[in-house]
Amino acid sequence: MSQKNPKLFISYSWSSPEHEEWVLLLATELRESGVDVVLDKWDLKEGHDSFAFMEKMVTDPEIKKVAIICDKTYSEKANKRKGGVGTETQIITPEIYQKEDQNKFVAVVAERNEDGQAYLPVYYKSRIYIDLSESDLYSTNFEQLLRWIYDKPLFVKPKLGKKPSFLSNDNPIVLGTTSKFKRALEAVRNNKEYTKGAIAEYFDTLVNNLEDFRLSKTKGEFDDAVIENLEKFIPYRNEAIELILAIAQYRDTQETRQQIHRFFENLIPYLYKPESVTSYREWDFDNFKFFIHELFLYAISSFIKYECFDSVAYLLRNHYYIERNSDYGRNVIIAFSLFSNDLISLKHRNSRLKLRRLSLHADLLEQRSKTSGLTFKQLIQTDFILYIRNCLDCIREEKYQDWWPETLLYIERHSGAFEIFARAQSIEYFDTIKEIFGISSKDDLVPLFNLYKENKLRVPSWQFTSFDPAILLGFEKLATRP
């Protein structure tokens with residue numbers, strides 16, 4: 001027998017012909033799955049010493065696993081140290097309690113009592129068992145048994161990573177938002193009367209104190225300072241995400257969606273030079289551009305996660321007011337796409353360090369998603385939704401495309417339609433999401449595909465990576481089911 005085939009001994013009671021048949025079938029299934037099963041019916045021959053056989057099977061180093069088949073009779077005999085089961089119990093018990101490796105033995109429950117409690121010997125009561133007593137769970141739990149035998153658990157402990165770099169910052173930036181965040185979060189989750197004020201207080205504090213993150217005089221390479229600054233912002237980003245997720249889950253109202261809209265509106269000045277600054281470089285505000293773009297992606301993703309599509313539509317439909325700006329003039333309103341910006345410092349870093357990355361911006365978004373509370377897959381879906389909405393706005397308003405879906409660089413990890421569009425095969429579900437795109441029917445998407453074919457609308461590509469909007473939309477199946 002190959003060493004890859006584990007050797008297993010089955011300990012059981014001859015409770016009844018039916019139970020013996022059940023054990024024999026289990027042993028056969030295991031043999032057919034590559035397990036070298038040792039069973040008395042096959043391996044204990046006439047004239048053999050049954051005690052010596054049992055002792056060898058339990059203590060033999062070649063026997064890597066022992067399955068204890070537990071039914072009512074086995075448990076009673078084990079507790080009373082009666083018969084062959086009692087003999088095996090006397091051998092097994094010290095092995096379980098005295099050996100360092102306790103992974104050699106497992107109880108397989110074949111029967112439960114009238115109260116639904118598993119029959120287990122007293123010596124095994126505190127240990128985890130595998131339940132094969134229910135026919136509807138048999139196949140799933142048989143897989144569990146196989147995984148235990150082969151030492152291939154379903155859940156594998158991940159490798160220990162590095163301490164997040166923002167925890168190692170010698171000079172952390174303190175925004176003073178934590179107490180206000182906790183108050184706002186508690187108010188949202190418990191529907192307090194002061195919720196509106198608590199949310200406003202938190203957002204206002206974050207907006208006002210974000211000035212502390214401004215990069216002015218930097219030592220060394222500017223892109224190094226940008227990366228360090230981004231790391232320092234992660235705890236505050238996580239606060240904002242957690243609060244917006246809570247708002248989406250517990251308090252999705254016209255009032256709160258308006259508060260979040262105003263929050264992003266108040267962040268806009270950080271995208272550009274302050275009025276007091278006369279000399280600057282285009283990349284001086286790249287850290288703010290990254291923060292705000294990232295927060296906007298997460299805000300939209302939060303509302304999509306909890307299917308708050310009215311809020312998503314509100315944040316995309318209603319433009320953002322800019323009181324004064326040298327690029328736009330005074331008292332203008334701009335679409336959500338102003339939150340998508342080219343980050344020159346990251347491109348410079350890619351070139352300076354010869355990293356040869358297709359997009360450091362996308363890489364950072366992917367890496368930072370691991371501590372966010374939302375998956376990167378959800379971010380990619382949101383980025384695509386914003387891209388499609390921007391394309392539709394370009395048609396309606398006769399303007400150029402200005403939302404670049406950075407995360408779609410990682411689209412090779414996804415195949416087929418995104419979840420929201422897969423669900424929108426249902427006419428009813430499609431009707432709930434169509435407002436996100438400002439459309440009234442599936443047919444309103446058709447002009448997009450014509451313009452893509454004519455190269456009048458761009459489909460992003462990164463060397464050999466691109467995507468088909470129709471596939472990610474699941475267009476053919478949209479609104480086709482009742």
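**From a β-α-β unit to the nonpolar cores**

Strand β1, helix α1 and strand β2 come together as a right-handed β-α-β unit; keep in mind while you look at it that this is a predicted model. The helix here, α1, takes up residues 17-32. On either side of α1 you have the strands, β1 at residues 7-11 and β2 at residues 36-38.

So how do β1 and β2 pair, parallel or antiparallel? They go in the parallel sense, and three bridges hold the pairing. If you want a spot to click on, try K7, whose bridge partner in β2 is D36.

β1 has another partner too: strand β3, residues 65-70, runs parallel to β1, and four bridges join the two. Here S11 is the residue to pick, since it stands opposite I68 of β3. As for how β1 sits in the fold, it's mostly covered, with four of its five residues buried.

Now for the nonpolar cores. The largest one counts 109 residues, and the residues with the most contacts inside it are F264, F296, F339, F384 and F421. Which helix gives the most to this core? That's α9, spanning residues 222-250, which puts in 15 residues.

Take F421 as a way into that core. Setting aside neighbours within four places in sequence, F421 is in contact with two phenylalanines, F384 and F437. The rest of its contacts, counted in that way, are I385, I433, L472, L473 and L478. Apart from this core lies another, made up of 43 residues. Y74, A78, V108 and F142 are among its members.

Technical notes. Residues numbered from 1 in each chain as written. Predicted model: local features only at pLDDT ≥ 70, side-chain atom pairs only at ≥ 80, totals over all residues. Heavy atoms only, no water. Core = buried A, V, L, I, M, F, W, Y, C linked by side-chain atoms within 4.5 Å. Buried < 20%, exposed > 50% of the residue type's maximum accessible area, 1.4 Å probe, protein only. Contact = heavy atoms within 4.5 Å. Pairing = 2+ DSSP bridges. Right-handed = clockwise from strand over helix to strand, strands pointing away.
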